[in-house]
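Here are my notes for you to read with the model open beside them. Take the points one at a time and find each residue as you go.

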Amino acid sequence: MADASKPPLEILLCAPRGFCAGVDRAIQIVELALQRFGAPVYVRHEIVHNRYVVDGLREKGAVFVEELDEIPDDGQPVVFSAHGVPKSVPEDARAREMFFLDATCPLVSKVHKEAQIHFKRDREIVLIGHAGHPEVIGTMGQLPDGSVTLIETVADARAFTPKNPEQLAFITQTTLSVDDTSAIVKVLTERFPAITAPHKEDICYATTNRQEAVKRIAGDVDAMIVVGAPNSSNSQRLREVAEREGCAVSVLIQRASDIDWSQLGDIRRVGVTAGASAPEILVEEVIDAFAARYAVSVEVVRNAEETIAFNLPRELRLPAAE
Ligand code: SF4
């Protein structure tokens, strides 16, 4: 029954939201490695961009490092994050005879393979992405320095001068804004009609579905809450998408305690979603925080069904050694 002492609030809950198949797999890899091989399990970089997830795994015995040289030769596994790593990382691990498990999302690995194929075919490669993001570092690191040119904006695409416009290809980061990327691709294809495009979109299904779900409701809500980390590319893009679709207040928060209630003002309807690395428990926490202040009703607004799941690395599928 509605609580008459609280103002009413409709929550439109985007679906799909939160964990994608690649994040789910990466977390499972660390958890299974801990079960099978015991602590410590080393993890190079944040396994996924979420503090709650990282802290939870740390409590179970995961040890997060920036580089392999921080890891002792103790035979314990090291896991590479879902964002992918430059080729030099597994090479170094092999040289040190380290036991490593690669949690790179298969959809990121697919982009790595595209880059390698273009390189073999002597194509100059353009990567559309954000400088400094681990996925971009990993993808550029599949090939020798200087083989890939990073393009971040439409202005970059306009200014780019290829060596040979007839031998050109582009690939993209998987977690970009669908709209920004198509604007950049439009400039590239207009300027260089012979450019080779990915066979199938590099922006992944999870990024696309979450952005579409936000677009569907952003114009109908007074505020949009995106649960996710500030360094999570796909979460940042969700916040931007809502803003561009005309939502007056669009905020990215890590947890319910980050909500700035004064910023929300007089709201009647709020949209809630979560980036691909944000666990559902944090979404529930946000809904509970609203329920403490408002008489909430929750409606799920779904734009796609997701059934995709990825296989675990072979080492974790085998029965445990006696
Ligand atoms: S966001 Fe997409 S590319 Fe990144 S881990 Fe999830 S499914 Fe893979």
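1. Start with Asp122, which you'll find in the loop between α4 (106-120) and β6 (124-128). This is a predicted model, so treat what follows as a reading of that prediction. The phi angle of Asp122 is near 60°, and that's a positive value in a residue other than glycine. Is Asp122 buried or exposed? Asp122 has 8 other C-beta atoms within 10 Å, and 12 or fewer counts as exposed, so exposed it is.

2. Now hop over to Glu97, in the loop between α3 (88-95) and β5 (100-102). Glu97 isn't a glycine either, and its phi is positive too, near 55°. With 8 other C-beta atoms within 10 Å, Glu97 is exposed.

3. Next, have a look at two peptide bonds. The one joining Ala15 and Pro16 is cis, with omega at about 0°. Pro16 sits in the loop between β1 (8-15) and α1 (21-37). The bond from Ala39 to Pro40 is cis as well, and its omega is near -5°. To find Pro40, go to the loop between α1 and β2 (41-44).

4. On to what the UniProt record says. Its unreviewed entry puts the feature "active site" at Glu135. In the model, Glu135 belongs to helix α5 (residues 134-140). Try counting around it: 24 other C-beta atoms lie within 10 Å of Glu135, and the cut-off for buried is 20 or more, so Glu135 counts as buried. Which residues does Glu135 touch, once you skip its neighbours within four places in sequence? They are His83, Gly84, Val108, Gln173 and Thr174.

5. The same kind of record, again an unreviewed UniProt entry, lists a "binding site" at His49, His83, His133, Ser232, Ser233, Asn234 and Ser277. His83 on that list is one of the contacts of Glu135, so flip back to point 4 for a moment and find the pair.

6. Pick Ser233 from that list. Ser233 lies in helix α9 and is buried, with 25 C-beta neighbours inside 10 Å. Leaving out neighbours within four places in sequence, Ser233 is in contact with His130, His133 and Thr175. His133 is itself among the "binding site" positions in UniProt.

7. Asn234 is in helix α9 too. Asn234 is buried, with 28 other C-beta atoms within 10 Å. Setting aside neighbours within four places in sequence, its contacts are Thr175, Thr207, Arg210, Gly275 and Ala276. Thr175 also turned up as a contact of Ser233.

8. Last, the helix pair. Helix α8 (residues 205-218) and helix α9 (residues 233-244) have axes that come within 9 Å and cross at roughly 25°. An angle under 35 degrees counts as roughly parallel, which is why α8 is called roughly parallel to α9. The crossing is right-handed. From α8, the contact uses Thr207, Arg210, Gln211, Val214, Lys215 and Ala218, while α9 brings Asn234, Arg237, Leu238, Val241 and Ala242. Sorted by class, that makes 5 nonpolar, 3 polar and 3 charged residues. Asn234 is the one to look at again here, with Thr207 and Arg210 among its contacts.

Key:
Residues numbered from 1 in each chain as written. Predicted model: local features only at pLDDT ≥ 70, side-chain atom pairs only at ≥ 80, totals over all residues. Axes fitted to C-alpha atoms, helices over the stretch in contact; angles between N-to-C directions. Helix = DSSP H or I, 4+ residues; strand = E, 2+ residues; numbered from the N terminus. Parallel < 35°, antiparallel > 145°, perpendicular 65-115°, else oblique. Left-handed = near helix turned anticlockwise from the far one by under 90°. Contact = placed C-beta atoms within 7 Å. Nonpolar A, V, L, I, M, F, W, Y, C, P; charged D, E, K, R; others polar. UniProt positions renumbered as here; feature names shortened; annotations may be inferred.
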